[in-house]
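Let's take a friendly walk through this model, starting at the ligand site and then turning to the cysteines and the charged pairs. Have the viewer open as you read.

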Amino acid sequence: MQALIDETQQEFRELADDIAASIGITNPSDIDGADPLAGWRTLQSAGVLELRERTDGAPLAGGVEVALLSQALGAALSPAPYLAGGALAVDLISRSGDVNGWLPGLLAGTDHYSLLLTPALDALGGTAGEPGVLWGASRDAGFAVTVLRGDDGVIRVARRPIAGARRLDSISLTNELWEPPVEAEWEPGGTLSQDDLDRFTALALTGLAADTAGALRAALTGVVEYSKQRVAYGVHIGSFQAVQHIAAEAHVAIEAIAAAVNYAAWAVDELDADAALLAARTAKAVAARNGRPTAEAVMQLYGGIGQTWEHIAHFYTRRAIFDTVLFGGEDAQLRAIADARLGGE
Amino acid sequence: MDYRDSPEEAEYRARLRAWLAENVPAPHSGERTNAEIAAERLAWHRKLYEGGYIGQSWPVEWGGKGLSPTMDAILNEENGNADAPSLPAMVGYIGRALQMFGNDEQRARFIPPTLSGEIQWCQGFSEPGAGSDLASLTTKAVREGDEYVISGHKMWTSAGQWADWCLVLARTDPDAPKHKGISAFLVPMDSVGLVLQPIVLANGDPETSEVFYDGVRVPASALVGQEGDGWKIAMTTVAYERGPSDVGAISTLNKQLARLERHAQSTGATADPRVRLELARAYVRGEVVRLMALEQLSSRATGKLVGEEGSVAKVLQTEASQALAHLALELHDADIVTGRAPDVVSQYFQTRPMSVYGGSAQIQRNVIASRILGMPRA
Ligand SMILES: Cc1cc2nc3c(=O)[nH]c(=O)nc-3n(C[C@H](O)[C@H](O)[C@H](O)COP(=O)(O)OP(=O)(O)OC[C@H]3O[C@@H](n4cnc5c(N)ncnc54)[C@H](O)[C@@H]3O)c2cc1C
């Protein structure tokens with residue numbers, strides 16, 4: 001039992017932090033007219049798009065690396081849709097055996113993929129009649145992927161072009177969401193087992209929770225620094241105990257997410273699918289519960305300036321809310337956890 | 001990173017499980033006196049010792065087995081899952097202090113009987129005027145020839161009435177700065193001049209006590225470390241006291257959640273969606289404590305000493321225990337009011353001081369803010 005990242009993972013984390021810092025946002029104005037895909041070339045050439053590519057059944061890198069990178073991208077407020085368009089799309093297609101050869105274009109950075117989610121954003125969507133939402137799209141080009149369940153019960157990955165898609169007003173200024181075009185034909189790909197799908201969901205939940213942990217950690221670090229400079233009543237605001245306790249609680253909240261994320265990230269590939277999903281739901285439940293309140297605490301500690309559009313604080317709050325809603329918030333995870341532990345209702 | 005048991009851990013776990021299946025006493029039903037509970041704990045301590053499970057992660061030369069600290073997590077998990085009595089907590093922190101700061105003679109004399117449960121310890125740190133601000137303690141120890149004479153008034157000496165020895169903090173240098181003039185002593189509870197008065201807690205049990213030291217004489221060899229080392233020793237002790245596995249908290253949380261889930265299933269409460277959410281939330285909170293403890297034990301396994309990160313675990317562990325007790329109150333409905341669920345009520349009151357002892361919830365937040373986040377002092 002070794003619940004700490006090892007040396008190789010530590011090195012990967014440093015790389016991830018560097019990559020993320022180079023494609024992140026530090027000022028609200030950075031986002032104006034910015035292309036979310038501006039950093040895609042960096043990700044592609046760093047070789048991180050293929051982390052979840054499977055050769056001989058095993059992915060190139062485990063869930064831990066995806067979580068470390070997601071955490072770094074969250075901390076840097078990177079608008080590059082890595083989790084959806086990189087890690088998850090590759091994971092899904094690769095699990096299906098990539099029978100149609102979609103991956104080379106994705107990994108080369110030329111074809112962009114997004115995930116089609118249900119209108120409630122709580123799972124992969126794509127059943128007939130519901131338009132759903134695209135996560136990971138950054139322009140009206142490229143493909144949406146989803147899974148389709150046939151009448152025979154067989155689960156297949158499928159894609160279709162998204163030309164004509166329309167950008168939605170995502171709550172997160174660093175995570176775009178798009179409305180798919182009027183339905184085009186799905187192009188079916190390889191098949192997936194329920195086990196594959198559960199592990200994919202576990203990776204999605206864990207990646208989102210990791211992104212939240214990263215964003216909150218960066219937000220807290222920022223405001224703690226601010227508290228050492230900002231003066232009120234002749235002293236630094238960081239010396240007020242009321243301020244310290246809010247910061248300390250935020251720290252505990254973030255550490256709680258991180259502990260659950262680390263385990264879930266490892267579990268994605270290492271435990272039974274059921275156990276992996278339970279660990280991921282646990283991490284997502286903690287992230288969803290702590291995400292928005294912790295981001296709000298950071299805004300509070302900045303005082304008035306933290307409430308303004310020009311301040312970076314609301315970017316973290318928006319990102320945390322975005323991460324919370326995707327693939328289900330706290331209650332959705334808890335319901336599933338209760339079913340797993342107490343038996344279904 | 002690998003949360004799976006190593007081959008040695010798996011073997012250890014299997015052996016432990018089999019041992020627990022043989023040895024866990026049948027659970028009691030109905031009310032028990034405090035003395036009965038204490039006796040049950042002691043009996044379980046001795047049993048565990050005979051099985052080789054006490055002090056297992058301690059160095060071999062001091063009666064331990066030199067096992068990885070992660071084995072303590074397994075012991076916690078399995079002890080809880082087997083619905084066994086609580087793990088002895090004092091060994092995990094007062095025993096540690098002895099092992100880390102005692103001289104060879106003290107270790108040889110005290111550690112074996114501490115591990116075996118022959119000697120039970122208590123912690124004489126707090127005073128009426130020194131709780132959170134522990135360093136303002138005024139109990140003094142004056143050197144007279146080969147002896148120290150201890151005088152003062154200690155509060156909250158938990159399990160003092162069941163203890164044989166006490167680790168006592170006393171001021172040896174009234175002129176030194178307040179953190180520097182404190183020393184630690186090993187004091188027999190049957191010393192002449194030592195008078196113990198039980199303190200009954202809100203659950204009605206005399207779990208703790210106040211202790212008066214009226215010229216209690218101990219030999220100079222009762223001093224732990226050097227004069228002035230008391231603060232360092234106390235801080236190490238409380239750092240271990242904050243560790244969820246060191247005090248057996250993971251075991252207790254697992255056990256209580258499993259019991260509550262069974263209760264909710266037996267009453268049909270699990271049909272209520274809100275109850276399901278709350279039970280799942282309790283599971284999530286417990287998982288976070290368990291995983292945080294695993295990280296901290298893994299860090300110890302690399303040779304790192306315990307530090308401020310214990311405060312994070314303490315806050316989470318306190319919240320998990322208190323929230324679980326709230327849920328238990330709720331799920332036992334009217335029974336908690338009519339006296340039909342005395343264990344649940346007692347359990348609830350037992351979780352209240354968790355945010356007071358070992359450094360209050362506010363003190364833990366002070367520690368996190370100043371030492372982990374580096375926020376400026378007032
Ligand atoms: C059941 C129980 C068992 C105990 N067992 C032991 C034991 O075995 N051995 C032992 O030595 N001690 C023991 N203690 C004592 C325990 O460590 C103290 O109670 C604790 O440190 C708080 O001290 P106090 O009670 O004097 O409260 P105070 O220090 O008077 O605190 C009162 C309130 O003020 C707050 N406060 C104080 N200082 C600050 C600050 N700087 N910032 C913010 N808030 C602050 C506290 O959080 C608390 O809410 C036990 C206590 C209890 C209740």
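In this predicted model, 17 residues surround the ligand. The closest are A:Gln241, B:Ser132, B:Trp156, B:Ser158 and B:Ser360. Residues of chains A and B take part in the surroundings, so the site is shared between the chains.

What is the make-up of that shell in nonpolar, polar and charged residues? There are seven nonpolar residues, 10 polar ones and no charged ones. If you would like to find an element to orient yourself by, try helix H11 of chain B, which spans residues 361-372. Helix H11 gives the most to the shell, with three residues.

Three serines of chain B place side-chain atoms beside polar atoms of the ligand. For B:Ser132, a polar side-chain atom is 2.6 Å from a ligand oxygen. B:Ser158 has a polar side-chain atom 2.7 Å from a nitrogen of the ligand. In B:Ser360, an N or O atom of the side chain lies 2.6 Å from an oxygen atom of the ligand. As for cover, the ligand taken alone exposes 950 Å², and the protein buries 68% of that.

Now to the cysteines. How many disulfides does the structure hold over all chains? The count is zero. One pair is still worth a look: the sulfur of B:Cys122 has its closest cysteine sulfur in B:Cys166, at 3.3 Å. Why is this pair left without a bond? A disulfide needs the two sulfur atoms within 2.5 Å, and 3.3 Å is too far for a bond. Seen from the other side, B:Cys166 is in no disulfide, and its nearest cysteine sulfur is that of B:Cys122. Are these two cysteines buried or exposed? B:Cys122 has 0% relative accessibility, so it counts as buried. B:Cys166 also counts as buried, because its relative accessibility is 0%.

Charged pairs come next. Side chains of opposite charge can pair when their charged atoms come close. Over all chains, the structure holds 38 salt bridges. Here are three of them, with the N to O separation:

| Salt bridge | Distance |
|---|---|
| A:Glu225 and A:Lys228 | 3.4 Å |
| B:Asp104 and B:Arg107 | 3.2 Å |
| B:Glu278 and B:Arg281 | 2.8 Å |

In the chain A pair, A:Glu225 counts as partly exposed because its relative accessibility is 38%. Its partner A:Lys228 is also partly exposed, with a relative accessible area of 27%.

The two chain B pairs sit within helices. B:Asp104 and B:Arg107 are three residues apart in helix H5 (residues 104-116) of chain B, so about one helical turn separates them. B:Arg107 is buried, with a relative accessible area of 15%, where the cut-off for buried is under 20%. B:Glu278 and B:Arg281 lie in helix H8 of chain B, which covers residues 273-301. These two are three residues apart, about one turn of the helix. B:Arg281 counts as buried, at 11% relative accessibility.

Some salt bridges also share partners. In chain B, they join B:Asp5, B:Arg13, B:Arg17, B:Glu77, B:Glu78, B:Glu287 and B:Arg290 into one network.

Note on methods
Residues are numbered from 1 along each chain as its sequence is written. Chains are lettered from A and ligands numbered from 1 in the order in which they are written. This is a predicted model: local features need pLDDT of at least 70, side-chain atom pairs count only at pLDDT 80 or more; totals for chains, interfaces and linings use all residues. Side-chain values use heavy atoms; hydrogens and water are left out. A residue is near a molecule or strand if one of its heavy atoms lies within 4 Å of it. A polar contact is a pair of N or O atoms within 3.5 Å; within protein, one must be able to donate a hydrogen and the other to accept it, and residues adjacent in sequence count only if both atoms are side-chain atoms. Accessible areas come from the Shrake-Rupley method with a 1.4 Å probe; for residues, only the protein chains shown count as cover. Helices (H or I, at least four residues) and strands (E, at least two) are DSSP runs, numbered from the N terminus. Ala, Val, Leu, Ile, Met, Phe, Trp, Tyr, Cys and Pro count as nonpolar, Asp, Glu, Lys and Arg as charged, and the others, Gly among them, as polar. Buried means under 20% relative accessible area, exposed over 50%, partly exposed in between (1.4 Å probe, protein chains only). A salt bridge is a side-chain nitrogen of Lys or Arg within 4 Å of a carboxyl oxygen of Asp or Glu.
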